[in-house]
Amino acid sequence: FALARPLTTKPLKFTLTGPHMLAKVLMDSHYRSRAELALALADVLAKQVRGIAADVVQIDEANISGHPEDSVWAAEAINRVLAAIPTGVERGVHICFGNYGGQSVQKGLWASLVPFMNRLQADHLVLEFARRGYSELEVLREIKQSIRLGIGVIDIKDNVVESPDTVAGRIEQAVRVLGSERVAYAHPDCGFWMLPRSVADQKMK
């Protein structure tokens with residue numbers, strides 16, 4: 001963050017990998033418990049985010065989507081980090097189904113994650129939809145009203161650049177299903193790191 005902040009005068013979002021994902025991919029020879037490891041990681045991350053005065057701090061979680069059985073302890077760990085974000089900073093949580101080598105890593109349904117999402121003390125969610133399709137949009141009606149919704153409208157696992165009409169149609173579909181008051185953000189499904197820079201630039205444009 002210290003390196004990034006001076007590079008722009010525009011609003012800045014700072015992202016970090018969440019404690020659930022870290023706990024699921026790290027070797028654990030000490031705690032012998034993924035839940036305890038996640039909470040310990042959350043305490044470390046909380047200390048780090050306390051000094052980040054970005055416009056948005058976003059926690060990225062790409063493993064919980066395939067493991068809703070972890071919801072209770074995963075949400076507790078994530079909430080420890082969210083609670084440490086400075087007052088006045090927007091608190092986001094990004095949930096996707098993975099993006100390694102341009103492939104989804106996790107399998108699951110948004111419906112199974114509703115209890116998890118409702119446990120989060122977040123201001124908004126950043127959710128993957130462009131790759132998966134929009135048939136699951138209706139389940140987001142069950143998300144508590146205090147959490148604003150961000151809908152993925154750009155497929156980051158495909159080199160084809162979406163037309164403005166395609167993107168507009170996806171946004172309009174989300175608004176039809178959820179209502180304009182619930183759709184706070186339109187964004188890519190995930191990060192552009194697997195795409196050539198020229199493709200990423202065009203998708204953003």
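Contact here means heavy atoms within 4.5 Å. The structure is a predicted model, and the contacts, burial and pocket described below were computed from it.

The largest nonpolar core holds 62 residues, of which Met117 and Leu140 touch the most other members. When neighbours within four places in sequence are left aside, the contacts of Met117 are Ile95, Trp110, Leu125, Leu127, Leu140, Ile143 and Ile147. Leu140 is thus named twice, as a member of the core with the most contacts and as a partner of Met117.

Helix α2 covers residues 34–49 and has 16 residues. From its first C-alpha to its last, α2 reaches 22 Å, close to the 22 Å expected at 1.5 Å a residue. The buried residues of α2 are Leu37, Ala38, Leu39, Leu41, Ala42, Leu45, Ala46 and Val49. An α-helix has 3.6 residues a turn, so residues three or four places apart point the same way. The elements that cover the buried residues of α2 include the strands β1 (13–17) and β2 (56–61), together with the helices α1 (19–25) and α3 (71–84). In the loop between α1 and α2 lies Arg32. Phi of Arg32 is near 60°, a positive value in a residue other than glycine. Arg32 counts as exposed because its relative accessible area is 67%, where exposed means over 50%.

Two residues of helix α3 were examined individually, Trp73 and Asn79. Trp73 counts as buried because its relative accessibility is 17%, where the cut-off is under 20%. Not counting residues up to four places away in sequence, Trp73 touches His20, Lys24, Arg34, Ala35 and Ala38. Among these partners, Ala38 is also one of the buried residues of α2. Trp73 and Ser163 are separated by 90 residues in sequence and by 41 Å in space, C-alpha to C-alpha.

Asn79 has a relative accessible area of 10% and is therefore buried. Leaving aside neighbours within four places in sequence, Asn79 is in contact with Arg119, Leu120 and Gln121. The C-alpha atoms of Asn79 and Ser135 are 29 Å apart in space, and the two residues are 56 apart in sequence.

The second largest pocket contains about 190 Å³ of space. Its lining consists of Pro11, Leu12, Lys13, Asp55, Val56, His124, Val126, Tyr185, Ala186 and His187. Two or more residues of this lining come from each of β4 (124–127) and β6 (183–188). With three residues, β6 gives the most to the lining. By class, six residues of the lining are nonpolar, two are polar and two are charged.

One of the lining residues of this pocket is Leu12, which is found in the segment before β1. Leu12 is buried because its relative accessible area is 16%, against a cut-off of under 20%. Beyond neighbours within four places in sequence, Leu12 is in contact with Phe1, Ala4, Arg5, Ala54, Asp55 and Val56. Asp55 and Val56 also belong to the lining of the second largest pocket. Leu12 and Ala53 are 41 residues apart in sequence, with a C-alpha to C-alpha separation of 9.3 Å in space.

Technical notes: Residues numbered from 1 in each chain as written. Predicted model: local features only at pLDDT ≥ 70, side-chain atom pairs only at ≥ 80, totals over all residues. Heavy atoms only, no water. Core = buried A, V, L, I, M, F, W, Y, C linked by side-chain atoms within 4.5 Å. Buried < 20%, exposed > 50% of the residue type's maximum accessible area, 1.4 Å probe, protein only. Helix = DSSP H or I, 4+ residues; strand = E, 2+ residues; numbered from the N terminus. Expected span 1.5 Å × (residues − 1). 1 Å grid on protein atoms, 1.4 Å probe; cavity = no way out; pocket = protein on both sides within 12 Å on 5 of 7 lines; lining within 4 Å. Points joined across faces, edges and corners; volume = space filled by probe spheres on them. Nonpolar A, V, L, I, M, F, W, Y, C, P; charged D, E, K, R; others polar.
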